[in-house]
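Ready for a few exercises on a protein fold? Try each task yourself, then walk through the solution.

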Amino acid sequence: MNKCPIYGNDKITRDIRNVVFEYKGQKITIKQPGLYCDECGEAFYDSNDIKATKKELADFKRKVDNLLTSQEIKRIRKKLSLTQKNASLLFGGGVRAFYKYESGEINQTKSVDLLLRLLDRGKIKIKDILEVVR
Ligand SMILES: [Zn+2]
């Protein structure tokens, strides 16, 4: 039986509730799993609860910041015939960088975002990048 760590009562339940998140003045309502206390109104999230909504939240922040979403990053990477590892080696940020971008673990930098957009529109080619790093 779960007890509220604040009140010590047993009116805490596992649930999926609408939670409003705000970022730079913009709001999103997400369906957030967690333990909710009806007595004090507190919510408690474990690592799985956070994992369940991290991609949605990362993409919301990306839209506010005018960055490519995880799905768009994946689409462009596949269009360029790059594996997550090869894309990470090409753009930097560690070998798991693109795994992290696409799962919403971290957001890409503006410069990686710009390179992906240029490649997507055919303004530059992978070989252009390889030429300048040699
Ligand atoms: Zn409580």
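Before you start, here's the contact rule: two residues are in contact if their C-beta atoms, placed from the backbone, lie within 7 Å. This is a predicted model, where local features need pLDDT of at least 70 and side-chain atom pairs count only at pLDDT 80 or more, while totals for chains, interfaces and linings use all residues. Residues are numbered from 1 along each chain as its sequence is written.

**Exercise 1.** Find the contacts of Phe21, and work out whether Phe21 is buried, partly exposed or exposed.

Step 1: Place the residue. Phe21 sits in strand β1. Strands (E, at least two residues) and helices (H or I, at least four) are DSSP runs, numbered from the N terminus.

Step 2: List the contacts. If you leave out neighbours within four places in sequence, Phe21 contacts Lys27, Ile28, Ile30 and Leu57.

Step 3: Count the surroundings. A residue is buried if 20 or more other C-beta atoms (placed from the backbone) lie within 10 Å of its own, exposed if 12 or fewer, and partly exposed in between. Phe21 has 15 such atoms within 10 Å, so Phe21 is partly exposed.

Step 4: Look further along the chain. Phe60 is 39 residues from Phe21 in sequence, yet their C-alpha atoms are 9.5 Å apart in space.

**Exercise 2.** Work out the strand order of the sheet, and which strands stand at its edges.

Step 1: Check the pairs. Two strands pair if DSSP finds at least two bridges between them. Between β1 and β2, which run antiparallel, there are twelve bridges, and one of them links Ile16 to Pro33 in β2. Strand β2 (residues 26-37) also pairs with β3 in the antiparallel sense, over two bridges; here Leu35 partners Phe44.

Step 2: Put the strands in order. You get an open, antiparallel sheet that reads β1-β2-β3. β1 (12-23) and β3 (43-44) each have a single partner strand, so they stand at the edges, with one side of each left without a neighbour in the sheet.

Step 3: Inspect the turns. The β1-β2 hairpin has two residues between its strands, and Lys24 there takes a positive phi near 50 degrees. In the β2-β3 hairpin, with five residues between the strands, Gly41 has a positive phi near 80 degrees.

**Exercise 3.** Which residues of helix α2 are buried, and how are they arranged around the axis?

Step 1: Pick out the buried ones. In α2 (residues 70-79), these are Ser70, Ile73 and Arg77.

Step 2: Check the arc, taken from the directions between the helix axis and the C-beta atoms. The three cover an arc of only 60 degrees, which means they lie on the same side of α2.

Step 3: Turn the helix around. The face away from the buried side carries the exposed residues Gln71, Lys78 and Lys79.

Step 4: Find the packing partners. The buried residues of α2 pack against α1, α3, α4 and α5. Just after α2, Ser81 takes a positive phi of about 55 degrees.
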